[in-house]
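Colleague: I'm still new to reading models like this one. Could you pick one strand and walk me through what surrounds it, then show me how that part sits in the whole chain?

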Amino acid sequence: MRILVVGGGTGGTIVANNLARRLAGEIRARKARITMLSASDRHMYQPGLLYVAFGQMMPDELYRDQASLLETCIDFHVDPVEQFQLDQNQVRTKSGRIHEYDVLVIATGSRIVPEEIPGLAEGAETFYTEESAVKMFKSLREFQGGKLAIVVGVPHKCPIAPVEVTFALHDYFKARGIRDKVEMKYHYPINRIHSIENVAKWAKPEFDRIGVEYETLFNVKEVDVKNKIVKSEEGTETEYDLLISIPAHRGMEVIEKDKLGVGGWIPTDRHQLTMEGHDNVYVLGDTTNLPVSKTGSAAHFEAEVVAENIASIMKIGAPVREYDGKVYCFIEAGHDRATYAMFNYKNPPDLKPPNKSMHWFKMSYNQMYWTSVRGLL
Amino acid sequence: MSESKIIDACNTYCPGPLMELITYMKQAKVGDTLELLSTDNGTANDVPEWINKVGHEMVSSEKVGEVWHLKVRKTK
């Protein structure tokens, strides 16, 4: 069985390592082969970008060599896919090479698209790339006070990020002794301050307590950079001196170009994680169109299901597991407290009060991630 | 030519039905109809509130068994 994994992020790396262990015997006997194609020779711990934006982590702490994270039997190439030829069970890469497969796993992730909102790329700070997180830190450092607005695009990776960055901003300005000079206003696309009802119920009184104003049903339409005004699709506007954006995301360009899914999101079976109409193609993480959070955690749990099923199909001819929609998200409630949200398709998240222990668990997980992505945790 | 699309947001908590609708509304063309399926009772109020505020058209809203069917049309 030729297994081709496209994408070397969280989902792709976990599925490849998990499969390498489950099929170790078959790989030694040359009955199975795992190939990974990625756009980069480095692997980034993306949740760390939030810490970079506040000067709490340096960018180089976020990276490991991708090859060092993979089981040695995985045939790894830095050669991104430029064309999916699903009808022929093959892909063509940037180097022009053709890779044929029996089973394909697509885990290409997502990208920010601030350029789709007029003025947003020029007018707002964000932290979803290394470059932007460093730039945001420098802007925060220079900020001496005034109106700070936080806006949120749809869809976006890491749904907890809007509240996390708000609490972090409050703590950051408080530590600098200028919190009383900063008017913070939070804007959110739906009619409560977070998509998870229990998070909204918890965060609202917290925002009131720390003096964060909020406006709901605010979907960014454009940013007037010259006059420093952000305008909503709903007809309202907010003046700002510093604008922080959680930008909208799309799937990768190759997914859209090859018409695998509108917006770059591939139609995916919510339990089997197969691409609709293609039983030998699995989709993981941000790349799916599933109505679940675009997080590393979802990609992780999906990867375990996909790996177990591909292995069982090879061993007994049938899949053995279904994805139940499981997601686990840490929620940083500032610089020294945290909580978490865990849920699946059937059970809503039950939020516990933030505490210091959970914050330190999150700090530990920032290092444990490298064990997790190797498929050991 | 306008199109119709069904968005299955049943049994989801994050990003949730309204966020799913906003995602697909951004991808839709003016005149397209979107039908949102949701098992969350709050959706029956949340969707009309947003649709009215943003200025799209609420076509219909009904509960069939445990599932809300909310049909909207993109108008701008």
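**A close look at one strand**

Modeller: Let's start with a pair of residues: A:Ile150 has A:Tyr186 as its bridge partner in E12(A). Keep in mind that this is a predicted model. The strand that A:Ile150 is paired with, E12, covers residues 182–188 of chain A. Its neighbour here is strand E11, residues 146–152 of chain A, and the two run parallel, joined by five bridges. How does the chain get from E11(A) to E12(A)? It goes through helix H7 of chain A, residues 161–176, and this β-α-β crossover is right-handed.

Now for another neighbour. E12(A) is also joined by five bridges to strand E13 of chain A, residues 212–216, and these two run parallel as well. If you want a pair to click on, take A:Met184, whose bridge partner in E13(A) is A:Val212. The route from E12(A) to E13(A) passes through helix H8 of chain A, residues 197–210, and that β-α-β crossover is right-handed too. So E12(A) pairs with E11(A) and with E13(A).

Is E12(A) largely enclosed or left open? Five of its seven residues are buried, so the strand is largely enclosed by the rest of the structure. While you're looking at strands, here's a handy rule: in a regular strand, side chains alternate between the two faces of the sheet.

Let's zoom out. The domain assignment splits chain A into domain 1, made of 2–109 + 252–327, and domain 2, which is 113–249. The C-alpha centres of these two domains of chain A are 32 Å apart. Where they meet, 11 residues of domain 1 of chain A are in contact with 17 residues of domain 2 of chain A. The domain 1 side of that meeting place has six nonpolar, three polar and two charged residues.

As for the whole of chain A, you'll find 11 helices and 22 strands in it. Buried residues make up 49% of its 377 residues. Its C-alpha atoms fill a box of roughly 65 × 40 × 40 Å along the principal axes. Chain A has a radius of gyration of 21 Å, which agrees with the value near 21 Å for a compact globule of 377 residues. Among contacts in chain A with a separation of 6 or more, 64% link residues 24 or more positions apart.

Last stop, the other chain: 23 residues of chain A are in contact with 19 residues of chain B. The chain A side of that contact has 15 nonpolar, five polar and three charged residues.

Notes. Residues numbered from 1 in each chain as written. Chains lettered and ligands numbered in written order. Predicted model: local features only at pLDDT ≥ 70, side-chain atom pairs only at ≥ 80, totals over all residues. Helix = DSSP H or I, 4+ residues; strand = E, 2+ residues; numbered from the N terminus. Rg over C-alpha atoms; globule rule 2.2 N^0.38 Å. Buried ≥ 20, exposed ≤ 12 C-beta atoms within 10 Å, placed from the backbone. Contact = placed C-beta atoms within 7 Å. Domains from an automatic or database assignment. Nonpolar A, V, L, I, M, F, W, Y, C, P; charged D, E, K, R; others polar. Pairing = 2+ DSSP bridges. Right-handed = clockwise from strand over helix to strand, strands pointing away.
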